[in-house]
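Student: I'm new to this one and keep tripping over the vocabulary. Could we go through it, and could you show me how each label is earned?

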Protein chains: 2
Amino acid sequence: MPKIVDHDAMRTRILDAALGCFTEQGYHATKMTDVARAAKMAKGSLYRYFDSKDALTDALVRRYFDAIRDEVSSYPAPPTLGFLVFGLRQALPADRLGATRMFFDVLGPGFAEDGGARQAVDDFLSWISGHYAGHLRALQAAGEVRRDIDPDRTGAAIASMLDGLIIHQALFARPDSEFAGTSAAAIALIEQGLRPLAQP
Amino acid sequence: MPKIVDHDAMRTRILDAALGCFTEQGYHATKMTDVARAAKMAKGSLYRYFDSKDALTDALVRRYFDAIRDEVSSYPAPPTLGFLVFGLRQALPADRLGATRMFFDVLGPGFAEDGGARQAVDDFLSWISGHYAGHLRALQAAGEVRRDIDPDRTGAAIASMLDGLIIHQALFARPDSEFAGTSAAAIALIEQGLRPLAQP
DNA sequence: GTTTTTAATGACTTGACGGTCATTTTAAAT
DNA sequence: ATTTAAAATGACCGTCAAGTCATTAAAAAC
């Protein structure tokens, strides 16, 4: 007899609306009222699905990184250094900049709290570092990558360095051509750094 | 006849107090009352020296980066690749992490505004990128760095990549030993990437 | 010591937004 | 068509902090 709705679908609808608002106007500039309007419902309804703005944000951040992880996981392991480098280039897409700026916005003021959104990003970074490390290890075995690098440390280094490029572009938007040049230089540096010295 | 105070000294005193508060409690958790207490004055007095919390923050960020710029400018140009790399290592100090976290905190919500604090950081990044580019150009001439890299793009890439390391450590504090390992791997990658190929 | 002008003060005003809840609406079941 | 329990609503509340301003304190000049 009662009215029944699809709880999960509702949460998805709200998260989609929130992502749109946050990306367009920024996280702090977005009021719960805005999210409600974007999701075509009243503010009060939001609170049936998320306990607070923080809870909503946590769910959003987690969903975002889970999706990237799933996608990246589905790629085959790179058989050569060239393929690895190709993959790194793909990790610097223009369409991730809006979300990156948003995370900057979200995480800043939240640095006091330990759980929540920050943890989700932290988890992802640990994962991607390990992911790169695995590739590096395999490529070392194949003679495609210098033997004298530490795969774990270098994997973490690559993750942080690429994120540095993304963050800077997200916050200090340069012309696309300039960003492309900077990215290319960074990738070239990493590629040369990984390449084994030619045997005389 | 009127009472006179040293306006600049007063601003410095307030900025020092604000830096302490922001670093310790975070930017958003710090209220103007807190800054006033730390500076040993009443809240109303702050507003004689800074029009708003934003204005205070802008001045603080600008002062911080100007100081780094002055310091870095005073170093002699690196005569070899080894010296350049040594300098890059110095650019990853543990004592900059608190401030970095704070800037993250400040810049996030402010991404809507264009002037102000963000501009100050932007200016600094442009400057440091150019600074590295100058070193790279000189070292290319000296045969210490590969000729086939673009100094400007690579300078910008190095600045962003190092900042990535700093930001990650600031936000997701890893044990010092781990950060040291990741940094070392990153620097090694950059060094190998810059080094000219050995002539057979 | 008196005057005069600027500096300092902190209680108060103001605006804003996250979250609540009494009321109304909806739809499933019979 | 009626019942009924859950869902939706949005006006309202409480909180909180930035910024103001009438008043008081300070010190320079004489």
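Tutor: Sure. Let's begin with a cut-off: a residue is called buried when its relative accessible area is under 20%, and exposed when that value is over 50%. Keep in mind that this is a predicted model.

Student: Then why is B:Gln140 called buried?

Tutor: Its relative accessible area is 8%, and the label applies to anything under 20%. So B:Gln140 counts as buried.

Student: Where does B:Gln140 sit, and what does it touch?

Tutor: B:Gln140 is part of helix H7 of chain B, which covers residues 117-141. Leaving out residues up to four places away in sequence, its contacts are B:Val145, B:Arg146, B:Arg147, B:Asp148, B:Ile149 and B:Pro151.

Student: What makes H8(B) a mostly covered helix?

Tutor: Use that cut-off again: 19 of the 21 residues in H8(B) are buried.

Student: How do you know that the span of helix H8 of chain B is close to what is expected?

Tutor: Helix H8 runs over residues 151-171 and reaches 30 Å from its first C-alpha to its last. The expected span is 1.5 Å times one less than the number of residues, and for this helix that comes to 30 Å.

Student: And what caps the N-terminal end of H8(B)?

Tutor: That's B:Asp150, which has a side-chain oxygen 2.9 Å from the backbone nitrogen of B:Asp152. A polar contact needs a pair of N or O atoms within 3.5 Å, and the 2.9 Å here fits that limit.

Student: Let's flip to the other label. Why is A:Lys40 called exposed?

Tutor: A:Lys40 has a relative accessible area of 71%, and the bar is over 50%. So A:Lys40 earns the label exposed. You'll find A:Lys40 in the loop between helix H2 (32-38) and H3 of chain A. One more detail: A:Lys40 has a positive phi of about 55 degrees, although it isn't a glycine.

Student: What about B:Lys40, buried or exposed?

Tutor: With 72% relative accessibility, B:Lys40 counts as exposed. B:Lys40 is in the loop between H2 (32-38) and H3 of chain B, and its phi is positive too, about 55 degrees, though B:Lys40 is not a glycine.

Student: Now the DNA. Which residues come closest to DNA strand C?

Tutor: There are 21 residues around DNA strand C, and the closest are A:Met1, A:Lys43, B:Ala42, B:Arg48 and B:Tyr49. Of the strand's atoms that come within 4 Å of the protein, 71% belong to sugar and phosphate.

Student: What makes A:Lys43 a polar contact of DNA strand C?

Tutor: An N or O atom in the side chain of A:Lys43 lies 2.4 Å from a base oxygen of DNA strand C, and the limit is 3.5 Å. The phosphates have partners as well: B:Ser45 has a side-chain N or O atom 2.8 Å from a phosphate oxygen of that strand, and a polar side-chain atom of A:Lys31 is 3.3 Å from one. The elements giving two or more residues to the surface near DNA strand C are helix H3 (43-49) of chain A and helix H3 (43-49) of chain B. The largest share, 4 residues, is from H3(B).

Student: Which residues come nearest to DNA strand D?

Tutor: Out of 21 residues around DNA strand D, the nearest are A:Ala42, A:Arg48, A:Tyr49, B:Met1 and B:Lys43. Sugar and phosphate make up 69% of the atoms of DNA strand D within 4 Å of the protein.

Student: How do you know that A:Ala42 makes a polar contact with DNA strand D?

Tutor: A polar backbone atom of A:Ala42 is 2.7 Å from a phosphate oxygen of DNA strand D, which fits the 3.5 Å limit. A:Ser45 uses a polar side-chain atom, 2.9 Å from a phosphate oxygen. For B:Lys43, a side-chain N or O atom is 2.5 Å from a base oxygen of DNA strand D. Here H3(A) gives the most to the surface near the strand, 4 residues.

Student: Last one: how many helices and strands does chain A have?

Tutor: Chain A has 9 helices and 0 strands. Of its 200 residues, 50% are buried.

Conventions:
Residues are numbered from 1 along each chain as its sequence is written. Chains are lettered from A and ligands numbered from 1 in the order in which they are written. This is a predicted model: local features need pLDDT of at least 70, side-chain atom pairs count only at pLDDT 80 or more; totals for chains, interfaces and linings use all residues. Side-chain values use heavy atoms; hydrogens and water are left out. A residue is near a molecule or strand if one of its heavy atoms lies within 4 Å of it. A polar contact is a pair of N or O atoms within 3.5 Å; within protein, one must be able to donate a hydrogen and the other to accept it, and residues adjacent in sequence count only if both atoms are side-chain atoms. Buried means under 20% relative accessible area, exposed over 50%, partly exposed in between (1.4 Å probe, protein chains only). Contact means heavy atoms within 4.5 Å.
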